[in-house]
Amino acid sequence: MSRIGKKPIAVPPSVKVSLDATAVTVEGKAKLALTLPPLVSVEQQGAELFVRRADDSAASSAMQGLARSLINNMVIGVTEGFKKELAIVGVGYKAALSGSKLTLNLGFSHPIEFQIPEGIKITVTDGTKILVEGADKQLVGETAATIRRFRQPEPYKGKGVRYADERVIIKEGKSVG
């Protein structure tokens with residue numbers, strides 16, 4: 001039984017929600033759409049949305065919790081937005097923004113050019129701090145993970161791209177003896 005799925009989703013007055021039989025569209029500062037998973041439906045009662053399941057099966061309960069979480073993230077995304085902070089650590093490692101491309105110099109023989117996806121805003125400060133912002137939680141997380149994947153923090157000196165709140169455990173090097 002999905003406890004998350006039973007909770008109503010509060011819709012602020014600044015957000016407009018459109019419901020179809022198989023889709024939900026949420027509009028605010030941005031516009032997001034979701035195709036509903038099978039076995040669930042969405043009802044609007046006043047300023048709240050309720051996700052209903054078709055039967056009492058375990059699969060239906062799981063889909064109810066999933067749909068509720070996705071719709072709630074859409075509502076939060078169009079009102080507040082989501083953000084991830086990345087930090088670049090290493091001598092000579094830096095990032096620069098030019099139009100819709102992020103150029104990263106991460107110790108390779110060539111700079112890495114990353115095309116910024118539609119709906120994502122990237123800000124670079126001090127050449128070593130990257131802020132990824134957007135309304136779609138999944139897209140913000142995936143973009144930040146893709147940038148981090150270009151040069152993950154290595155365990156001996158900690159150089160690379162990491163999340164701002166990530167703690168990298170540094171290993172001890174070889175001991176002579």
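## Sheet, overall form and an aromatic pair

In this predicted model, three strands form an open sheet in the order 1-6-5, and their pairing is antiparallel. The edges are taken by strand 1 (9-10) and strand 5 (40-45); each has a single partner strand, so one side of each is left without a neighbour in the sheet. Helix 2, residues 58-79, packs on this sheet and touches strand 1, strand 5 and strand 6. The direction of helix 2 makes about 160° with that of strand 6.

Strand 6 covers residues 48-53 and runs antiparallel to strand 5, to which it is joined by 6 bridges. One residue pair can be named here: Gln-45 has Glu-48, in strand 6, as its bridge partner.

### The protein as a whole

The protein has 3 helices and 13 strands. Its radius of gyration is 21 Å, whereas the globule rule gives 16 Å for 177 residues; the value is well over that figure, so the protein is more spread out than a compact globule. Taken along the principal axes, the box filled by the C-alpha atoms is roughly 65 × 45 × 25 Å.

Of the 177 residues, 35% are buried. The exposed area of the protein is about 10,700 Å², and carbon and sulfur atoms supply 53% of that area. As for contacts between residues at least 6 apart in sequence, 48% join residues at least 24 apart.

### The aromatic pair

How many aromatic pairs does the structure hold? It holds 1. The ring centres of Phe-114 and Phe-150 lie 5.9 Å apart, and the ring planes stand at 70°; an angle over 60 degrees counts as edge-to-face, so this pair is edge-to-face.

The two residues are set out below with their locations and relative accessible areas.

| Residue | Location | Relative accessible area | Class |
|---|---|---|---|
| Phe-114 | strand 10 (residues 112-115) | 10% | buried |
| Phe-150 | loop between helix 3 (137-149) and strand 13 (160-163) | 27% | partly exposed |

Why does the pair tie together parts that are 36 residues apart in sequence? Because Phe-114 belongs to strand 10 while Phe-150 belongs to the loop between helix 3 and strand 13. Buried means under 20% relative accessible area, so Phe-114, at 10%, counts as buried. Phe-150, at 27%, is partly exposed.

Technical notes:
Residues are numbered from 1 along each chain as its sequence is written. This is a predicted model: local features need pLDDT of at least 70, side-chain atom pairs count only at pLDDT 80 or more; totals for chains, interfaces and linings use all residues. Side-chain values use heavy atoms; hydrogens and water are left out. Two strands pair if DSSP finds at least two bridges between them. Helices (H or I, at least four residues) and strands (E, at least two) are DSSP runs, numbered from the N terminus. Contact means heavy atoms within 4.5 Å. Axes are lines fitted to C-alpha atoms, for helices over the stretch in contact, and angles run from 0 to 180 degrees between N-to-C directions. The radius of gyration is taken over C-alpha atoms; the globule rule is 2.2 Å times the number of residues to the power 0.38. Buried means under 20% relative accessible area, exposed over 50%, partly exposed in between (1.4 Å probe, protein chains only). Accessible areas come from the Shrake-Rupley method with a 1.4 Å probe; for residues, only the protein chains shown count as cover. Rings of Phe, Tyr and Trp (its six-membered ring) pair if their centres lie within 6.5 Å; planes under 30 degrees apart count as stacked, over 60 as edge-to-face and the rest as tilted.
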